[in-house]
Amino acid sequence: MNGKIPIYFVPGLGAGPEIFEYLALPEDRFEIHYLKWLIPESIDESLEHYTRRMSEGVTAKNPVLIGVSFGGVIVQMMSKLIPTRKVVIISSLKTRKELPRRLKYLRSTGLYRLLPTRRISRIDDFSRFNFHQTVRRKAELYNRYMSVRDENYLNWAIKTILHWKEEQNIAEAVHIHGTRDEIFPIKYIRDCIPVEGGTHAMIITKAKRISEIIINSLES
């Protein structure tokens, strides 16, 4: 790696590596890699088994793992399997305790099974069905980055994040979270670095500030 710090990025649910395009990390100091979502083997594939398959894409030793939203859950699980230099999560959760009440309701009632993932082809549709209508204002922007639209993947991912069983912090993760996150409201989040005005899409809209936090956290 020529002395560079290897960083592996995992995007948010349904998103591709394009969501990281506005981050500015010095190329002379960091070796950047992007992990893409795998299609689950079945709706019942365990998160542990899926994470093990994702981890096969990490070839560098002692990397930094950075994940957004559901990708943040994945990198924390990956840190159980491989030695890491640091784990950074963005717009994500550290334990199931940080799920907001409306998502716990979807989980307890099983209503998430009624979500029309077969017809969800745009991220603005996904956001409207699942979470908060304020997301719709950024619908065109989100649609560009919603590249993983496989029905089996979406059904599995929604089920998996709602039923994540983790009760304790897995890793000493650096948690970056927006003060206006409409998916995982910050009032439910503990021990994070707040980004003022950041929404769930802040990896795109607040990329400069997030880049600064990442660089500072890796230098500390």
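Helices (H or I, at least four residues) and strands (E, at least two) are DSSP runs, numbered from the N terminus. The model is predicted: local features need pLDDT of at least 70 and side-chain atom pairs count only at pLDDT 80 or more, while totals for chains, interfaces and linings use all residues. Residues are numbered from 1 along each chain as its sequence is written, and side-chain values use heavy atoms, with hydrogens and water left out.

**View 1. Strand β1 and its burial.** Strand β1 covers residues 5-10, and six of the six are buried (under 20% relative accessible area, 1.4 Å probe, protein chains only), so the strand is largely enclosed by the rest of the structure. I5, I7 and F9 point one way from β1. P6, Y8 and V10 point the other way, and these residues too are buried.

**View 2. Strands β2 and β3 beside β1.** Strands count as paired if DSSP finds at least two bridges between them. β1 pairs with β2 (residues 30-34) in the parallel sense, over five bridges. I32 of β2 is the bridge partner of I7. β3 (residues 64-68) also runs parallel to β1, joined to it by four bridges. Here G67 of β3 stands opposite V10.

**View 3. The largest nonpolar core.** A nonpolar core is a set of buried Ala, Val, Leu, Ile, Met, Phe, Trp, Tyr and Cys residues joined through side-chain atoms within 4.5 Å. The largest has 39 residues, and W37, F70, I74 and Y153 have the most contacts inside it. Two or more residues come from each of β1, α1 (47-55), α2 (70-78), β4 (86-90), α3 (101-109) and α6 (151-162). Of these, α6 gives the most, with seven residues.

**View 4. The surroundings of F70.** Leaving aside neighbours within four places in sequence, F70 is in contact (heavy atoms within 4.5 Å) with L13, W37, Y153, W156, A157, T160 and I161. Apart from the largest core lies another, of 27 residues, among them L23, V64, I210 and L218.

**View 5. The largest pocket.** A pocket is an open set of points on a 1 Å grid over the protein atoms alone, where a 1.4 Å probe fits, with protein on both sides within 12 Å along at least five of seven lines; lining residues have an atom within 4 Å of a point. The largest pocket has a volume (the space filled by probe spheres set on the points) of about 260 Å³. Its lining has 15 residues, and L47, E48, T160, H163 and K165 are the closest to its centre. α1 and α6 each supply at least two lining residues, and α6 gives the most, with three.

How values were computed. Buried means under 20% relative accessible area, exposed over 50%, partly exposed in between (1.4 Å probe, protein chains only).
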